[in-house]
Structures are given as C-alpha cells and as structure tokens.
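Here is a brief report on helix packing, nonpolar cores and a chain contact. The structure comes first, the reading after.

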Amino acid sequence: MQWVQHILKLSLRNIRRHPVKNVLTGVMILLSSLAFFFSASLSKNSELGWRGFLGKTFLGHYHVTAYAGLDRDYSFSSYYLPDAYIPDELTRYLDENKVEYARRVKLGAVVYNRDKGEFENTLCTVIGMDMDAELKKLTNMDIVQGKYDPSNPNGALIWKEYADFLKLKVGDEITVFLRDVDNGNYPYTFTVTGIYFQKEGSNIQDKAYLRIFPLVLVPYRQLTTLLGVEPDRATEIAIWDFDERHSSAVRSIAKKHKMEFMYGEEIFAIIFGTVDFLHFLGGFLGVIILTILVVSTLNINMISFFERQKEIGTIIAIGGRARWVVTLLVSELVTFSTVAVIISIVIYLGLSAAMSMGVDFGESSVLFAGNRFYMGLVGKSVLPTYVTIVVTMLVSALYPIYLSTRINPVDTFREGEL
Amino acid sequence: MIALKNVKKTYTLGKTEVHALRGVSLEIRKGDFVCVMGPSGSGKSTLLNIVGCLDRPNDGEVVINGTNVISLDRNSLADLRASAIGFIFQSFNLIPVLNVYENIEFPLYIKKEKISEADKKDRIMRLIGEVGLTEYVNHKPDELSGGQRQRVAIARALVTKPQIVLADEPTANLDSETARQIVRLMRQLNDEEQVTFVFSTHDQSITEYATSIHRLKDGALAN
C-alpha cells in the first residue's frame, strides 16, 4: 500500500514538474471531454424534448404494441389483427405496480369515399381506445368540431384533414373496412361525432410528416365487440405514467413476448434518424479530437521521454524493474487524465450554469421538439468519456513507455546532470 | 566477494571498435575501500558498470557473492542491484521532485523491503545525520549544493544496507575541499557500516583513503 502511495506521490509531483507540457495535453483532454459531454447533452435534450412532445400524442409516454416486425412503420398499422395480443404478464405487472396505462385495439383500414365512390388514398388507422381515460391525456389534440359523445357507442372522432379529404362533417357516417379475428374483411359504419386537430410543435409541422397519420378513433369496447376480440384484449398498451422506474421492466417483458416497446423519442429517431445523427456527430467530433490528442500527446510524450531518460535510467540502475517504470508512467498518465477530466467536468458545469436559461436553436430546435437547449451534464456520459480519455492517453504513450523500459542506464549517465 | 576473471568489453562506435576493457581480472574482499584510478577513457566507468551489473562484458566472468552474474536475466540483475549494490553517480542523479528524505527512502520502495514505518524513519534519519544533512531533510535537490547532493546520494546508496557501494567518479563535479570531505565520509561509512566501497577517480589526491588501488590504462590493469 505504501508502495502505491509512493508511486502516486511521485506521479503527482512529476505532473506538476512539467506544467507547459501538461497544460497543452490538458487542453486537448478538455476539448475532447467537452465535445463528448456536449454531444451527450444534445442527445439527451433531443430525447427528453421528443419524449415530452410525443408523450402528449397517441404514442403515450411509452407504449408496447403487438405489431412487431413491421419495420416499425408507424405510418400505417397492419391491416390484420396480430397473432398475439398484449400478454397478461405485462398488464398484471402494470396493475400490481399501479402504473397508469390504457388498452387499445389498433389496426389498419380503408374507408369508402362516398364523395368519390372509391377507396383511393383512404388508408387510415383505426384505434379503439378508452376515450374517457385517454382523451384528457392527449393534450396536443383539439376537437375543433363536435365532441366525444360517450352515449354513442358507434361514435367516432376523425382527423380534420382526413375529414376534409373525405368531405365529412359531424353527424355523417364513415364506413371502414376492417379484418376481424376470423380474417374476414367487413365494413363497419360509425357516426362522426367530432373532428379533431392535431397540434404540432413550433416548427415541427414542416419537418415532421405527421400528415401520414390519419386516425379514426372509436370506443375500445365497441371495436373489440365488432371484431370478435376477447374483452380486455389489446393490440397496444399506452403507458401514461411518467414515473420511469418501470420502463425497463416493461421493456423487458415486451421483449420477452416479442412485442415492440417504444419511447416517443425512439419513434422520432426512427422517423428522422435525429438521435442517431447526433450520436454520430458527437462521436465523429470526438474521434477527430481524440486523433489529434493521440498524435499531439505522442509527440509530447516522446519529448518527455527524452527529457526523463536520466531519471528513468537512475530508477533502473538502483534496481527498478521494467514493470516499476511502466507502473510509474501509467500512473502518471491515469492520474493526469483523471485530474484533467475532473477539471473538464467543473468547466462544463460552469458553462452549463452560465447558460442556465437555455439556448434557442431557431430552425434547428426541431432537434429538441421545439424546446430550448439546456447544456446539462449527462451523468452516464462521464464514465465512458473518462475511460476513452484514459485509453487514448495510454495508446499515445505506448511507444514512449516501451522505450523507457528499454533504457540502458549506462547510456544515460554519460554526461549532463539530472 | 567480487571477482572479475579476464573481463573484456568492446564498444562499437560507428565502424570503429573501442576496447574498453582488455581482459581485466581482480578480486575485491568484503570491507575493502577500493579505488580504481586512471585517466579519462581508461575503462574505469565500464569496469564499475560491469561490477554493478549495469552492463555485460563480451567475455570473462563476473562473480558476486559466489554467483556468476553473466548468466542472470534482466529482472534478476535488477533485483541484485536493488538488494546488494548501492550506487553513487558522478552527477548525483537524485530524483528532482523528491526531497532529501524521500530520495533516500526511494530505493526501499524499489527493493520492496519489508520494514516498519518507524524503523524506516530511524534508518533514514540516522543516515541523514551521518552525512550531515539533518537541517536539509525537506530540501529538494535543486536547493542543495553539489557536495550536499552527493551526501544525499551516499545516504541513498547505503539505505538498503547493500554489500557493495559503487561510486563512479563521485568527486568529479565537486571542488577539491568538498571532494576530500566526500571521500572521507565514504571511508568513515565504510568503517562504520562495514560496506565494501569501490570508487573510481582520476584525482590522485583522494586516493590516500583507499585500502587498495587499481590503476587502469587503455582498458587493462597497470599494477
């Protein structure tokens, strides 16, 4: 233990002994760390922004759907009922843990366009949902004409643009063709009791192709009865509980039963690839900086090696094994990297505090669902950043360390003073 | 204790071969205070480096405490140096970031000697006292004079209780008065600690303290 303390003491003092070299290396580490922290923050802001926004839509805070393997095409549900429904294990877990959720039956349909007498461009998604429970959650939905009528089991709410396209108004009938549990394709007629408008974020309307989501909302009980689906069976469960303690368990159960589990921002990422892009951007920037870090610190370490030949030669002469020298040099690198990353964290936190009001990215704020960007430190980015920095520093020091272990003390004592 | 048998060492400098040692044989007994004399380039440093297991001869045998060290690997030689040999260098070679106490303590960590903190402190402080640096315990090397630095180096060489201390021109960077003080100190410690000292010099005036003198000329013993 004393030996370790001694190595650490020596490492710290050697670090302090070469301030110029270490400031240069430290600046490189600082830039790398800030790039990693910043890109993690970008991703986190995007994730939370979109989770918040999509959490007010039909997607729920997160949801599980039985329509797995459809290439995650959220523009249109399967025209068929799935082979399996949401498993009891999942609903039991949610009930036992008092997680707020809603059952739905959702499937694709075509609507007969009475105005034109055809089916062209009338694909839509019919969702049987518990209107009483869910409509109050859909805060980005405005019923602009009519209303939800709980006394009418055949009542339907339809999307305004879809209603305009089909020239439907409140009180009209809409006939949808659905495939029931026996795979029979039958027309079902509902009465339009309300027309809703889907509110979108500040500049999301232009960016997000939400127009490809014509939805017809009908009462869950009525739809299950019409299709012959057993009571309480669901093809989709929307979880409205923002307490994230249960999300990983729900994800796990969904995976076990081959169901799709999706957070709002994951859907956004799939549609736009934004989060992937941010990860790529951050990673690319980080790799560029790390490459510069490797090259520059390799040079700095080589210079340092030549400066310290006599010191290392002395250690070897008085009985230090190569392992001892490696331990000392690695210890210096790890200690230095640790201190540099800690300073980077402090600086990043300082910058975050200075920008606590957030930054408006203008047009680009679509990345954050129209919200401002807050430069907070993402906790889970700290360890990977630290490990990356340490590994990079070690890689850049491999050759100088190897040379140090091969030093012949006799050669280093020929002249000059330590 | 130390026996060199027909030791030869040749260096290659470019296309030229330099015969640093041409078949040197000598014996050094426990407790000797041996001086190796000779002009620059006579092979003094090469001889001490070979005795100190820092360099290998091209031919011959080097026997230390009955072991022919020629056959030992790198790590075994390092262990032998850490446990049995102390070094005093011409340019002191102290660790610049460590103070006097820590520089003397340093070889104990290299040797990984199991010693209690109290015993270690006693040993180091006693050595510091013997080399007359009690007031400079916390000084760094760059705060000391040349003579003081060499005293620290002497204490560092002795701290692991080695059987042999090798000093390659320990007085070369010192003025004549300080040089005499240093050699007197080494001789005193040779008596008190019963440690074998082998030192090289080209200064005739400090050879009076030696119990035996070996003169080197062109890589061969002249006496």
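In this predicted model, H3(B) passes H5(B) in a right-handed crossing. H3 of chain B spans residues 100–111, and H5 of chain B spans residues 146–158. Their axes lie 7 Å apart, at an angle of about 30 degrees. Angles under 35 degrees count as roughly parallel, so H3(B) and H5(B) are roughly parallel to each other.

On the H3(B) side, the meeting residues are Val100(B), Asn103(B), Ile104(B), Phe106(B) and Pro107(B). On the H5(B) side, they are Val152(B), Ala155(B) and Arg156(B). By class, this contact has six nonpolar, one polar and one charged residues.

Ala155(B) also appears in the largest nonpolar core, which has 98 residues. There, Ala155(B) is among the residues that touch the most other members, as are Ile154(B), Leu158(B) and Val198(B). H12 of chain A (residues 322–354) gives the most to this core, with nine residues.

Beyond its neighbours within four places in sequence, Val198(B) is in contact with residues including Ile28(B), Val34(B), Leu48(B) and Ile164(B). Another core, of 64 residues, lies apart from the 98-residue one. Phe58(A), Tyr196(A), Ile239(A) and Phe368(A) are among its members.

How many residues does each chain bring to the contact of chain A with chain B? Chain A gives 21 residues and chain B gives 22 residues. Three helices of chain A each supply at least two residues of its side:

| Helix of chain A | Residue range |
|---|---|
| H1 | residues 2–17 |
| H11 | residues 309–317 |
| H14 | residues 409–412 |

H1(A) provides the largest share, six residues. The chain A side divides into nine nonpolar, six polar and six charged residues.

Methods
Residues are numbered from 1 along each chain as its sequence is written. Chains are lettered from A and ligands numbered from 1 in the order in which they are written. This is a predicted model: local features need pLDDT of at least 70, side-chain atom pairs count only at pLDDT 80 or more; totals for chains, interfaces and linings use all residues. Axes are lines fitted to C-alpha atoms, for helices over the stretch in contact, and angles run from 0 to 180 degrees between N-to-C directions. Helices (H or I, at least four residues) and strands (E, at least two) are DSSP runs, numbered from the N terminus. Angles under 35 degrees count as roughly parallel, over 145 as roughly antiparallel, 65 to 115 as roughly perpendicular and the rest as oblique. A crossing is left-handed if the near helix is turned anticlockwise from the far one by less than a right angle, and right-handed if clockwise. Two residues are in contact if their C-beta atoms, placed from the backbone, lie within 7 Å. Ala, Val, Leu, Ile, Met, Phe, Trp, Tyr, Cys and Pro count as nonpolar, Asp, Glu, Lys and Arg as charged, and the others, Gly among them, as polar. A nonpolar core is a set of buried Ala, Val, Leu, Ile, Met, Phe, Trp, Tyr and Cys residues joined through C-beta atoms within 7 Å. A residue is buried if 20 or more other C-beta atoms lie within 10 Å of its own, exposed if 12 or fewer, and partly exposed in between; C-beta atoms are placed from the backbone.
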